[in-house]
Amino acid sequence: MAITAQDVNRLRQETGAGMMDCKKALTEANGDFEAAKDILRKQGQKIASKRADNATSEGIVLTQVSDNAATGVVVALACETEPVSKVEDFRNLAQSVLAAAVSTGASSKEELLATPQADGRSLQDHITDLMGKIGEKIDVVSYETVKAEKVVAYNHSNGKLGVLVGMSNTNGTDVTEVGKDIAMQIAAMKPIALDKDGVDSATIEREIEIGKEQARAEGKPENMLEKIAQGKLNKFYKESTLLNQEFVKDSSLTISQLLEKTSKGLTVTEFKRVAIG
């Protein structure tokens, strides 16, 4: 049967696929709209399979905190190239991912991707559809939540970095501004844990060995290596754990001291830093 421009435009409006893709799908389906939609979906699945191993170093990171500020969500939707990350359909999809995360409180990325959308199809189906339309890999590369007495979020200006900070023992103090300062600290200084108790044993062992090797290379005696390595480990804690880091805006304070100065007993209970690229 003849495929009209109106038919192509209708399929395009319903699927968001390109004009030529819609025309080819309708032609292959002999004008059957539902069959043509299936063909377009399979095209997305083929692209997803073909590009599964491709790197996704571009995209967008979004955060949202609940009205009561007790829960925060951060999601990262990634793609292969910067131009795609700026496409309206991609950004709308990222908002859909965030909305699904907020509304469902999904316990995992897999659960999030299985979330039904308005048309009854899963979030993953919609991601696959956009892959077919755009022609490159798209993936939710990170999904994190933080729950605390007070959660503060920060989004970096490049749109590719987001931070959540959870704080407790606020004692009625408005800690929003200090929370933002700490979130910006996390964004810039990339702490690996809250304090030394949060550093895994493998990292500690590696830092001790590095410290010993550095001291040995400097000609230090063998019986002094362990002590020197422990000193370097303490320096590592100060540089790499949030509560022990110097506050970027005032180096006379550590983050722990900043919290205590803001409100006695105030502390950070958890943080998440999510970046693309």
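**Close-up views of a sheet and its salt bridges**

**View 1. Strand 1 meets strand 2.** Strand 1 (residues 58-65) and strand 2 (residues 71-79) run antiparallel to each other and are joined over eight bridges. Two strands count as paired when DSSP finds at least two bridges between them. Helices (H or I, at least four residues) and strands (E, at least two) are DSSP runs, numbered from the N terminus. To find one bridge by eye, start at Val61, whose partner in strand 2 is Ala76. This is a predicted model, in which local features need pLDDT of at least 70 and side-chain atom pairs count only at pLDDT 80 or more, while totals for chains, interfaces and linings use all residues. Residues are numbered from 1 along each chain as its sequence is written, and side-chain values use heavy atoms, with hydrogens and water left out.

**View 2. The open sheet of three strands.** Here the strand order is 1-2-3, with antiparallel pairing. Strand 1 and strand 3 (138-147) stand at the edges with a single partner strand each, so one side of each has no neighbour in the sheet. On average, neighbouring strands are turned by 10 degrees against each other, direction ignored. Helix 5 (residues 88-104) packs on this sheet and touches strand 1, strand 2 and strand 3, where contact means heavy atoms within 4.5 Å. The direction of helix 5 makes about 150 degrees with that of strand 2; axes are lines fitted to C-alpha atoms, for helices over the stretch in contact, and angles run from 0 to 180 degrees between N-to-C directions.

**View 3. A salt bridge between Lys160 and Glu58.** The closest N and O atoms of this pair are 3.1 Å apart. A salt bridge is a side-chain nitrogen of Lys or Arg within 4 Å of a carboxyl oxygen of Asp or Glu, and by this rule the count comes to 15. Lys160 lies in the loop between strand 4 (150-155) and strand 5 (161-168), whereas Glu58 belongs to strand 1, so the pair ties together parts that are 102 residues apart in sequence. Glu58 is buried at 18% relative accessibility; buried means under 20% relative accessible area, exposed over 50%, and partly exposed in between (1.4 Å probe, protein chains only).

**View 4. A network of salt bridges.** Asp119, Arg121 and Asp129 are linked together here. Between Asp129 and Arg121, the closest N and O atoms are 2.7 Å apart. Arg121 is buried at 16%, while Asp129 is partly exposed at 24%.
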